[in-house]
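Visitor: Could you take one part of this structure and walk me through it closely, with the criteria behind each term spelled out?

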Amino acid sequence: MKKRALSVIYMFLITLFFASLVSAVKLMNDKRIERNQIQRIQQIILRVLEIPTQEQTSEQELSQLFADHVKEIDVEERTLYIGYEQDGQTIRGYALPVGGPGFWGPIQGMIGISPDATRVLGIAFFKHNETPGLGGRITESWFADQFKDLPLHPIEGDQNIFYLKPEGTAQASNELDAITGATNTSSAVEAFLNRELDFFLKELWVSVEEKE
Amino acid sequence: MPNLPLKKEIFLTGLWKDNPVLRQILGICSTLAVTNLMVNTLVMDAGLIFTVCMSSLTVSLLRKHTPMRIRMMVQTLIIASYVIIVDIMIKAYLPDISEALGPYVALIITNCIILGRCEAFARHNPPVASFIDGLGMSLGYSLVLIAIAFIREPLGFGTLLGFRVLPEGFVQWTVMIMAPGAFFTLGIMVWIMKYFRPQTKFGEEKG
């Protein structure tokens, strides 16, 4: 009986110690992790809006650049980022956070759309649980770069905005290379991006135009 | 108390003689998972080296006080704590790599090498020897992973650490990126190892 009680007390103390240790490390780094995430999203918004950032841009410069060029608005319960030209007046494009189910877990990304909503400026994925080296390659630049200048039109019937084709066989302007070995991730991305883009064109953009 | 040559022996046992991946066939899950890119492999190695060494050290320090019946719970708790610390550190200081590795860092905890070393060695041996044992084992694991990545990344992507090493026209072996490629590579390595150093009759792996 005494032994058993000792075990419980021992386990309790050791759990207390390690839980405190982990919490302390977490607390010490929380701010930094949060900053990393904000910075990452700002960087991605600037990238999909094609607002040039220097490789060596410091943290302050980046948030300054972001504050100068990007305005956040809420439309129909969605957050949308409006990017402005140097003059602060002319609209450069819209950045729309997109997301949907991937193969292993949710995928989050950002898509840049031209001011007249006729083509894609750029796209970037920043959160996913896809297999590194396979589905995880959606974050690689060759995959994202293909979306540049993709023509946009609202979906009518079963005509999607774009299709992913086996790597190396994409021909038409609405066809892009999928990722070899990551068929499930590719089709998941194709499905939710088409859906989100269509939603933007049919719902969000109309509201944005009304507001302007 | 163990003297110096014995420590060298402990180290070399883990690194080569009883290599955890090639001889004990432990830690296979992560071996298959992260070795298609060298960068991911190196970060995984670093995480594992830290976790194994620190866990072995801690388990060894507590070995005289931990009640026998709850020792597994204690070991798991210790390992989990170190893994979470590694995960937080990578998120804070290497955010890009953290994105690339996704869930694998947190999954270091399921690497059998760590619990294996705590249970087989650290709970009977003094701290320094345990630390060295952990170092040897985790470096042995790292060595094999690097070797596999060295084969898989060039054949699968034509690159090494992101730099192109094979000519542009090279047809990439997609199978090398996927799990089967890792199985083949690892299988061939285990085979070669067995061929050149057949298992000795007496099980030398002790601790």
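Guide: What follows looks at chain B and at the surroundings of one of its residues, and then turns to the sheet of chain A. This is a predicted model, in which local features need pLDDT of at least 70 and side-chain atom pairs count only at pLDDT 80 or more, while totals for chains, interfaces and linings use all residues. Residues are numbered from 1 along each chain as its sequence is written, and chains are lettered from A and ligands numbered from 1 in the order in which they are written.

Chain B holds nine helices and two strands, where helices (H or I, at least four residues) and strands (E, at least two) are DSSP runs numbered from the N terminus. Read from the N terminus on, these elements follow the order α-α-α-α-α-α-α-β-β-α-α. The radius of gyration of chain B, taken over C-alpha atoms, is 18 Å, close to the 17 Å from the globule rule (2.2 Å times the number of residues to the power 0.38) for 207 residues, so chain B is as compact as a globular protein of that length. Its C-alpha trace spans about 60 × 45 × 30 Å along the principal axes. Of the 207 residues of chain B, 43% count as buried, that is, they have 20 or more other C-beta atoms, placed from the backbone, within 10 Å of their own.

Within this chain, L48(B) belongs to helix α3, residues 38–61. L48(B) counts as buried because it has 27 C-beta neighbours inside 10 Å. Setting aside neighbours within four places in sequence, L48(B) is in contact with I108(B), N111(B), S138(B) and Y141(B), a contact meaning that the C-beta atoms of two residues, placed from the backbone, lie within 7 Å. V83(B) is 35 residues away from L48(B) in sequence, yet their C-alpha atoms are 8.5 Å apart in space. For chain B as a whole, 76% of the contacts between residues at least 6 apart in sequence join residues at least 24 apart.

In chain A, five strands form an open, antiparallel sheet in the order β1-β2-β3-β4-β5, two strands being paired if DSSP finds at least two bridges between them. Its edge strands are β1 (70–75) and β5 (120–127) of chain A, each pairing on one side only. Strands β3 (residues 91–101) and β4 (residues 106–113) of chain A pair in the antiparallel sense over eight bridges, and P97(A) stands opposite M110(A) in β4(A).

Conventions. Buried ≥ 20, exposed ≤ 12 C-beta atoms within 10 Å, placed from the backbone.
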